[in-house]
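Please open the structure in the viewer and keep the sequence panel visible. The tour below proceeds by selection, with a note on what each selection shows.

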Amino acid sequence: MSGLKKRLSLMPLHAVVMCISAIVSLVSVFIPMFELFVQYKRQRLYSLFTLILDSQVCVTLRDSTVNLDFKVFGATMFTITTILAAAALTLALGFQLYSDNPTKKRWGCFSVLILLAARLVIHVYTLSNIVTDAVLAENHMTVQRLYVVQTLAGNILCVIIIAGIIAALYGALGLKMSMKLLSYPYILWIGVFTVLPLALILFRAFFAKTTGGYEFNMDGFKTLFADKSVTTTFYGARVTLQEYFSVFLRSLDYAVWTTIGCLVFAYPLAFILAERSKRLHKTSSKLLLLFVLPMWMNTMLRTYAWRAFFAETGVFNTIMMSAGLIKAPVMFLQNPILSDIITKLVMINDFLPFMVLPIYSVLVKIDSALSQAAEDLGANKVQTFTKVLFPLSLPGVISGIQMVFMPSMTFYMIPDIISEGSKTTIGNTVQTFILNESTTYQQAGNVLSLILLIFVLITMGLLRNSDKEASGSGGMVL
């Protein structure tokens with residue numbers, strides 16, 4: 001027994017994954033993997049084992065009767081699946097535990113690879129052939145009215161078997177599996193959902209779709225930077241600017257004030273929460289949950305709630321009229337200046353948790369002994385904060401700025417709802433361009449996205465350099 005435990009402890013990671021996959025594939029014959037629907041209603045959950053035990057289904061409909069019998073098919077699939085899974089488990093454990101020959105272990109991994117792949121194929125075949133065309137024709141049904149879908153357990157099984165196949169492939173090739181491999185799916189995710197879309201934006205910014213394919217042109221840039229001026233209002237002053245530059249300027253204005261407002265409100269809150277956590281010797285604060293809870297509610301619902309609050313017959317006007325402060329409702333949302341202020345307040349409220357969390361996570365880790373040492377050296381409360389605590393918390397501040405400034409730069413839902421569509425932001429403009437049927441405007445939308453991306457990258461670079469300087473300084477000397 002001790003020798004077996006020793007061999008189990010010495011098994012490489014790929015062998016462990018392979019054995020776990022083989023065990024799950026065997027146990028799964030008793031787990032419900034298939035869900036039968038008749039006339040849009042779920043009838044039963046089936047495992048391969050219950051396909052034999054409870055094989056007959058009779059459903060009476062208004063105009064017909066559905067009679068199904070899965071016994072023969074279920075018995076066949078159960079037998080094949082059990083043989084494949086048992087063989088995979090036997091070979092996976094046998095070659096890894098009782099063979100010291102590297103070549104035999106590699107051949108064992110190759111055999112398990114074949115068996116697990118066959119197990120996956122049989123699973124897919126079972127799912128797609130429980131209800132065949134002959135069964136549909138016999139019961140006078142369609143694929144929309146009689147069908148079988150895979151349950152969550154079936155999806156998990158497929159993922160585990162695929163992981164086992166990959167592990168067996170590593171063993172068959174004589175490679176060693178390490179924890180570093182766990183980063184590969186993340187790298188693949190980044191490549192598919194981040195790098196590839198950005199590359200497509202870059203491509204579509206310079207190439208327009210034509211009947212013969214794609215051709216290079218600068219029509220998107222010409223449309224975006226056309227000599228077209230608009231007169232708009234900024235802080236009560238009417239100014240004439242290039243059309244899309246004014247849109248960019250307004251979005252930048254929203255982003256800057258949202259970031260400043262979040263920082264002003266978030267830092268004291270994070271400081272108080274961090275001090276409370278240190279005093280109570282807790283690693284987290286329940287009060288922090290109060291700032292995270294609003295994030296669980298849909299942003300659109302929160303924004304419409306704010307709009308209703310400041311509406312002509314809203315709560316704010318009702319309270320002030322009841323208190324005798326005003327005689328007639330104030331048109332907050334129709335006044336350009338008041339509407340602009342309310343928009344920024346709502347954006348600050350929406351993005352505040354994104355500033356509180358990173359600042360809190362840094363402040364709560366700062367040793368209280370540093371403040372005591374500063375005070376022992378003659379510093380007062382203000383000097384301790386400005387020369388010790390704040391410099392040490394700058395990484396959290398910069399992270400919070402990154403998390404607030406960049407999303408708020410392109411966020412258009414709140415300005416659009418509060419101003420009732422009267423204020424155009426860069427997010428609105430990109431959406432309008434992309435959804436336009438004209439290829440020129442679509443290209444202009446990609447150009448604007450590319451320019452915005454460059455602006456964001458420059459901003460991130462500046463903030464990252466500031467972050468390095470802040471983390472390297474460690475605070476000023478008293």
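**A nonpolar patch at the surface**

Begin by selecting Leu293, which is partly exposed, with a relative accessible area of 35%. The model in view is a predicted one. Leu293 sits in the loop that runs between helix H11 and helix H12 (299-309). Extend the selection to Leu287, Leu289, Leu290, Met295, Trp296 and Leu357: together with Leu293 they make a nonpolar surface patch of about 650 Å². Helix H11 (residues 287-292) gives the most to this patch, contributing 3 residues.

**From helix H12 to helix H14**

Next, select Arg302 and Asp350, which form a salt bridge whose closest N and O atoms are 2.1 Å apart. This pair links distant parts of the chain, with Arg302 in helix H12 and Asp350 in helix H14 (residues 336-363), 48 residues apart. Are these two residues buried or exposed? Both Asp350 and Arg302 are buried. Then select Asp253, Asp340 and Lys344, which are joined into one network by salt bridges that share partners.

**The start of helix H10**

Move to Glu243 and Lys228, another salt-bridged pair, with 3.6 Å between the closest N and O atoms. Glu243 belongs to helix H10 (residues 243-279), whereas Lys228 lies in the loop between helix H9 (219-224) and strand S8 (229-234); the two are 15 residues apart. Glu243 is buried, at a relative accessible area of 19%, while Lys228 is partly exposed, at 46%.

**A salt bridge to strand S2**

Select Asp54 and Arg44, whose side chains meet in a salt bridge (3.1 Å, N to O). Asp54 is in the loop between helix H3 (50-53) and strand S3 (56-60) and Arg44 is in strand S2, so the pair ties together parts that are 10 residues apart in sequence. Asp54 is partly exposed, with a relative accessible area of 38%; Arg44 is also partly exposed, with 27%. The count of salt bridges comes to 7.

**The sheet and its helix**

Finally, display the strands of the sheet that contains S2. Which order do they follow? The 3 strands form an open, antiparallel sheet in the order S2-S1-S5. Strand S2 (41-46) and strand S5 (146-150) are the edge strands, each pairing on one side only. From one strand to the next, the twist averages 25°. Strand S1 (residues 34-38) is joined to S5 by 5 bridges, and Val38 stands opposite Leu146 in S5. Add helix H5 (residues 102-129), which packs on the sheet and touches S1 and S5; the direction of H5 makes about 155° with that of S5.

Key:
Residues are numbered from 1 along each chain as its sequence is written. This is a predicted model: local features need pLDDT of at least 70, side-chain atom pairs count only at pLDDT 80 or more; totals for chains, interfaces and linings use all residues. Side-chain values use heavy atoms; hydrogens and water are left out. Two strands pair if DSSP finds at least two bridges between them. Helices (H or I, at least four residues) and strands (E, at least two) are DSSP runs, numbered from the N terminus. Axes are lines fitted to C-alpha atoms, for helices over the stretch in contact, and angles run from 0 to 180 degrees between N-to-C directions. Contact means heavy atoms within 4.5 Å. Patches are made of residues with over 30% relative accessible area and no salt bridge: like charges are joined within 9 Å, nonpolar side chains (Val, Leu, Ile, Met, Phe, Trp, Tyr) within 5 Å. Accessible areas come from the Shrake-Rupley method with a 1.4 Å probe; for residues, only the protein chains shown count as cover. A salt bridge is a side-chain nitrogen of Lys or Arg within 4 Å of a carboxyl oxygen of Asp or Glu. Buried means under 20% relative accessible area, exposed over 50%, partly exposed in between (1.4 Å probe, protein chains only).
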